[in-house]
Amino acid sequence: SFDAREQWGELIHPVRDQGRCGSCWAFGATEAFSDREGVQNNLNLVLSPQQLVSCDNRNYGCNGGYLNKAWDFMHENGVVTDECYPYTSGTTQKDGECYDHCVGNDPTWDPHFTGSTYTTTSVSKTEQTIFQNGPVEAAFTVYEDFMNYKSGIYQHTSGRMLGGHAIKCIGWGVENGVEYWIMQNSWTPQWGDNGYFKIMKGDCGINNQMTFADAKN
């Protein structure tokens with residue numbers, strides 16, 4: 001078992017709220033990169049999902065996006081802090097204008113860049129990179145029964161498919177013989193288990209697109 005929160009403390013940043021915008025792809029990417037920047041470069045920063053929602057024209061803003069394209073954006077363009085480019089789409093439900101200067105409290109436009117993007121279906125490779133370098137972004141298929149999750153290990157048993165969802169994977173474990181991933185959602189700390197959930201490894205396609213990149217020095 002492994003839990004990034006226990007390993008790195010405050011460098012693993014708290015649960016956020018994507019609000020009424022389909023921006024999970026941008027939250028999962030920037031949250032995982034924020035943590036990896038902390039683990040690898042000892043920089044305690046919260047990076048901006050809004051910049052990706054507004055500026056990543058290979059994705060679809062509040063209408064969803066692809067994990068690998070989000071990480072490619074951060075590799076090519078970098079991503080600034082949340083204080084520089086704060087999140088607004090959760091309340092406006094709009095992608096927002098793309099800026100090349102800070103519009104928040106921090107006036108310093110200082111993009112942070114990732115290395116090359118990696119996507120893997122290998123459980124062992126995913127565990128290795130989380131253990132060494134910090135959380136990754138994951139995605140899975142959401143069914144109706146997931147919406148009622150409160151605690152324990154989620155396994156899909158009933159309900160129709162609702163769509164895809166991206167989250168941050170922060171660790172793993174085993175309970176009563178069931179292997180699971182520990183996930184951090186972006187639906188506020190009031191959802192689920194204080195904003196987190198466990199999901200059985202392999203369930204709902206969760207192993208299929210674990211996506212990450214190293215932080216650049």
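Over how many bridges do E5 and strand E6 pair, and in which sense? In this predicted model, local features need pLDDT of at least 70 and side-chain atom pairs count only at pLDDT 80 or more, whereas totals for chains, interfaces and linings use all residues. Residues are numbered from 1 along each chain as its sequence is written, and side-chain values use heavy atoms, with hydrogens and water left out.

**View 1. The hairpin of E5 and E6.** E5 and strand E6 (residues 178-184) pair in the antiparallel sense over seven bridges, where pairing requires that DSSP finds at least two bridges between two strands, and strands are DSSP runs (E, at least two residues) numbered from the N terminus, as are helices (H or I, at least four). Two residues lie between E5 and E6 in this hairpin, and Asn 176 in the turn has a positive phi of about 50°. Glu 175 has Val 178 in E6 as its bridge partner.

**View 2. E5 with E3 and E1.** E3 and E5 run antiparallel and are joined by eight bridges, with Ala 166 in E5 as the bridge partner of Ala 139. Strand E1 (residues 2-3) is joined to E5 by two bridges, also antiparallel, and Asp 3 stands opposite Gly 171.

**View 3. The largest pocket.** Its lining comprises 20 residues, of which Cys 24, Gly 65, Gly 164, His 165 and Ala 166 lie nearest the centre (a pocket is an open set of points on a 1 Å grid over the protein atoms alone where a 1.4 Å probe fits, with protein on both sides within 12 Å along at least five of seven lines; lining residues have an atom within 4 Å of a point). Helix H2 (24-41), strand E3 (136-143) and strand E5 (161-175) each give two or more residues to this lining.
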